[in-house]
Amino acid sequence: MENLLDGWGITLATFSPLVGVAIMLLIPGEREERHKVVALATSLWVAFIGVLLLLWFDMGETGRLQYVVDEMWIDVIRSRYLVGIDGMSLPLILLTMFIVPLCIIYSWNHFPEPRNPKAFLILILILETGMIGTFVAQDMVLFFVFFEIVLLPMFFMIAVWGGDDRRYASLKFFLFTLFGSALMLVSFLALFFLTGAESFAFTEVADNVLAHGVSRTAQLWIFGGMFLGFGIKVPMFPFHTWLPDAHTQAPTVGSVILAAVLLKLGTYGFIRIAIPLLPEAAVEWAPWIGLLAVVGIIYGALGCLAQTDVKRLIAFSSVAHMGFVMLGIATLTDFGINAAIMGMVAHGLITGMLFFLAGSMKDRYHTLEISRLGGLLVQAPRMGWIFGICVMASLGLPGLAGFWGEFPAILSSYSPANGLPVETFRTFMVVAAVGTVLAAGYLLWLLQRVAFGNPPEEFADNPEIVDVTRHEWMAWAPILALIVAIGIYPNLVFRVTDGAVDASLNDCLQVNTAELTDAEAEALGCAAVYEVGSGGGHDDHAAAGN
Amino acid sequence: MGSQLLLLAFERPALDWHALAPEIVLLSVGGLVTLIDIVFLERARPITAAVAGLGLLATAIPLLTLALDGSDRVMFGGAYVVDEFALVMKAIFILAGYVVILLSTNYVAEGEYWENEYYGLLLASLMGMVMMASSRDLISLFVALELLSIPAYLMVAWRKRDIRSTEAGLKYYLMGVFASAVMLYGMSLLFGVSGSTLLTDINSVVTAGGASVSVVTLGIVFVVAGFGFKVSAAPFHTWAPDVYQGAPTPVTAFLSVASKAAGFVALLALVFVGFYGRPEVWEPLVWTLAAVSMTVGNLIALRQTNIVRMMAYSGVAQTGFMIAPLAVAGHSTALGDQALSATVTYLAIYAAMNLGAFAVIISLARRTGSAEMSSFAGAFRYAPAMTVAMTIFLGSLAGIPPLGGWFAKFEVFRVLTSSGDTWGYALAVVAAVNAVIALYYYASVLLRMWADEAPDEGVADVALTPSLLSALVICGGVTLVFGVLPQVVARFTDVSLLALGG
């Protein structure tokens, strides 16, 4: 069938939530049912467009941007409304469109205090626009704008509907992220001016970086600015401290969206902007990113062991899981980055699901203190089983989605990209493998304490503790199905991402430049990335460009 | 000799009536307001605000025709110029003045203050600003400055039964006069060196560098410092918090937007037309002013408990952002043009968002009767629309896309980084860090409004008046449109002063 969405499908999907917001603004706040219906209808409509986008997506050419719209947006600064989808962004866009309606269904009957469904749902829809926009933007200024749009809604979601310590947590989240993105913006601008590009489009800037030979020092600094911006969002150790606070205080749905999508904005930034645009600096920074990634894995795992609160524990496990994602990215290989995208999707589904469960437990027990919980399998067996499955998925059990994020990421660090220090990365590999053992430890221990045994006395005959409700089933079943489906057939994701990742990476990263003749290297543009023909093997990553 | 002087005095200078039309209309409206008061006395009270407001809108008509005409008009031997820059600034003044009238309408009427005089003075002050936008000569700059300042001194002390207002008036007056004196001294030095009051003449002398370097430097520093008072740049900002707090809130809004913009107009004219050939003098000066203003303003704003005082310090920090592009403006004429556009863009967007924030403060203070931050707690529960409006304005001041302020900040960053030198990058990093500090206090106010519990009592149920509502709609609409489609504002602020003066 003919592709009917070409040229406007992305715009439709990105801005439809705002149309929903406009409609909701016209309905008075007391008509709660109508607000829920409008919000759900809007998000389902967006998801429907997402399905169409997937159906008409040309799987033969995932490396090519599809559904492209290219219009002038701000003439004076030569910024364009340039959007498109390729294999790298498609899974994340679909993940966003998939999670948002489920969040709305989940909140249907239990909006957190102080309720106000109108405002809550409006914020979710604005968030959706920001998230989809970030994944489709192909222009640095446009990307920055969408990247920032998600800040205010999430800030208010935590600040208004959050837990007792919500003020501190929301402000911390806001300040950390804004600090990163302010420096990121300066980096974008510096890159734009140093390359003398004609527009802020990613592809054009990338071409100009190679063509103009931006000095190595400048590249390193600019990459540093982006590293801060994206790294804080991921969050990487040692910028992760906002995450446990934000997650613990956020309302359930806020935590889910934060874990499922917002954290991915950071990792996506690395693979979409930082690495393709600055391949030289990426090679230089990669070992350090890898180092912070494995520190994050171990630190996150140890942090988990020390937690006494279920939500906080899941938040720390996010730090560890995003460490695996960043390790995959740091290898700068096709394999590693594919693993990273898989890791993002898997983490989004699994951790999102865990936060849903934590929220539901909180509704029933009114506490998430691990020491007070127990016997979930006895009191609410179905919920206990779902919790068990998610825990298994999270620790990377083969056959569930989590495995395909972690295992290939570890494997890829056995042979990192050309130019990276192999021994270092193999050390990272071993450390990361130890991390998976720790992960199994803290997750199984969590399961044991929460689900096994007999219910503690204080909750033994509590009628509030019921099994999974209808709305919960409706919200959770699709996620669980997808976790299993991707676990059994990971190619669902890999075949979409592979072509795009391959296209985004500098060719020189994939070959051994030492074995190339000068002419071949020149043809690939390797001269700009490596000192060609030095024959120094893997340790000469510091070699200067032209 | 004597007869020659006499002849000169009688020779009527060539007047371009079209170019002067906005000033003439404004003057007539001011006269009309005063006349209505004299003739109808108390009966005229209800219509004065309307006359003043409509009169301002009428002033916009000749501005439009001039803009459509598009040619630069030079009068009085280059002392008075109507070019794109002047027109854009005049439009900002007129629109800001209109919003201030909307903000004042109920405030002044309900407070039992003198009304006709208030609007008369407001129009006179605006007249000074409109003239300032065209002045390219030390004398006309000074006259315009005094014309805009003296009515403002009076308006600050308008709540005469309140000791704070009187204190504010006195403080503002003394500091203003002191600043004028410093500036005049600087001007006299420049005049002494160049023998002319025309900025273009001064520029050629300054550029040539033959004259005593130290005298020129001193003159430039004094003049810039004098206008530093007007725009409340640190360390010349100390008057701002007390004056802002004591003055009637609509007057505060007027000072923080229109009066600041007028100071900037003069500063821009001086830097780009008068001193452009001497960047080594004013660039470091501006760099320091920008960095200090941002940092000092933001750090002190963090500790404020009164929202108007907080806005005063936030205004100091915003001044730092506005002035920052000038720190690299002397590198090349292309960069100079960009820096000018960036500052003008910032002024235009700042006018909308800051006036909007004050509109919300005035509206909410009508309910709570206080401008203490604590009285804004829980506003989301009883005034959700107002809270959302405040979110838009404060978010915009913090520079969060897609609200207008992001583009203003973006332009500043763009100019600073495009300079390509270390100082430009350093200031960009200082600005980036400051953007984060600023977010803290803006977000704290928003947190109070959104997340705190509303007090059980002390909230009067006062309806929003139509004039406040229109002010909110105008400011909110402009803030959003400028943010989503920055092209709209950028098209107007793409101006240049260097073609004439350089």
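Helices here are DSSP runs of H or I with at least four residues, numbered from the N terminus. In this predicted model, B:Val488 falls in one such element, helix 20 of chain B. With a relative accessibility of 31%, B:Val488 is classed as partly exposed. B:Val488 also belongs to a nonpolar surface patch of about 410 Å², together with B:Val481, B:Val484, B:Leu485 and B:Phe492. Two elements of chain B each supply two or more residues to this patch, namely helix 19 (466–484) and helix 20 (487–493).

It is helpful to step back to chain B as a whole. Its secondary structure comprises 21 helices and two strands. The chain has a radius of gyration of 22 Å, close to the 23 Å expected from the globule rule for 502 residues, and it is therefore as compact as a globular protein of that length. The C-alpha trace of chain B extends over about 75 × 60 × 40 Å along its principal axes. Of the 502 residues in chain B, 62% are buried. Among contacts in chain B with a separation of 6 or more, 80% are between residues 24 or more positions apart. Chain B presents an accessible surface of about 17,500 Å², and carbon and sulfur atoms contribute 69% of that area.

A look inside chain B is offered by B:Ser125, a residue of helix 5. Its relative accessibility is 0%, and B:Ser125 is therefore counted as buried. The B:Ser125 side chain comes to 2.8 Å from the backbone oxygen of B:Leu148. When neighbours within four places in sequence are set aside, the contacts of B:Ser125 are B:Leu147, B:Leu148, B:Pro151 and B:Phe254.

Turning to charged pairs, 25 salt bridges are present over all chains. One of them joins the side chains of A:Arg216 and A:Glu280, with an N to O distance of 2.6 Å. Since A:Arg216 belongs to helix 9 (residues 216–233) and A:Glu280 to helix 12 (residues 279–306) of chain A, this pair ties together parts that lie 64 residues apart in sequence. A:Arg216 and A:Glu280 are both buried.

A further salt bridge in chain A pairs A:Asp245 with A:Arg312, whose closest N and O atoms are 3.4 Å apart. Here the partners come from helix 10 (residues 242–249) and helix 13 (residues 310–330) of chain A, so parts 67 residues apart in sequence are tied together. The two ends of this bridge fall into separate accessibility classes: A:Asp245 is buried at 13% relative accessibility, whereas A:Arg312 is partly exposed at 27%.

In chain B, B:Asp83 and B:Arg136 form a salt bridge with 3.1 Å between the closest N and O atoms. Both partners of this bridge sit in loops: B:Asp83 between strand 2 (80–82) and helix 4 (84–110), and B:Arg136 between helix 5 (116–134) and helix 6 (138–156), so that distant parts of the chain, 53 residues apart, are linked. B:Asp83 is buried, at 4% relative accessibility, and B:Arg136 is likewise buried, with a relative accessible area of 4%. Chain B also contains a network of salt bridges that links B:Glu167, B:Lys171, B:Asp242 and B:Arg309.

Key: Residues are numbered from 1 along each chain as its sequence is written. Chains are lettered from A and ligands numbered from 1 in the order in which they are written. This is a predicted model: local features need pLDDT of at least 70, side-chain atom pairs count only at pLDDT 80 or more; totals for chains, interfaces and linings use all residues. Side-chain values use heavy atoms; hydrogens and water are left out. Patches are made of residues with over 30% relative accessible area and no salt bridge: like charges are joined within 9 Å, nonpolar side chains (Val, Leu, Ile, Met, Phe, Trp, Tyr) within 5 Å. Accessible areas come from the Shrake-Rupley method with a 1.4 Å probe; for residues, only the protein chains shown count as cover. A salt bridge is a side-chain nitrogen of Lys or Arg within 4 Å of a carboxyl oxygen of Asp or Glu. Buried means under 20% relative accessible area, exposed over 50%, partly exposed in between (1.4 Å probe, protein chains only). The radius of gyration is taken over C-alpha atoms; the globule rule is 2.2 Å times the number of residues to the power 0.38. Contact means heavy atoms within 4.5 Å. A polar contact is a pair of N or O atoms within 3.5 Å; within protein, one must be able to donate a hydrogen and the other to accept it, and residues adjacent in sequence count only if both atoms are side-chain atoms.
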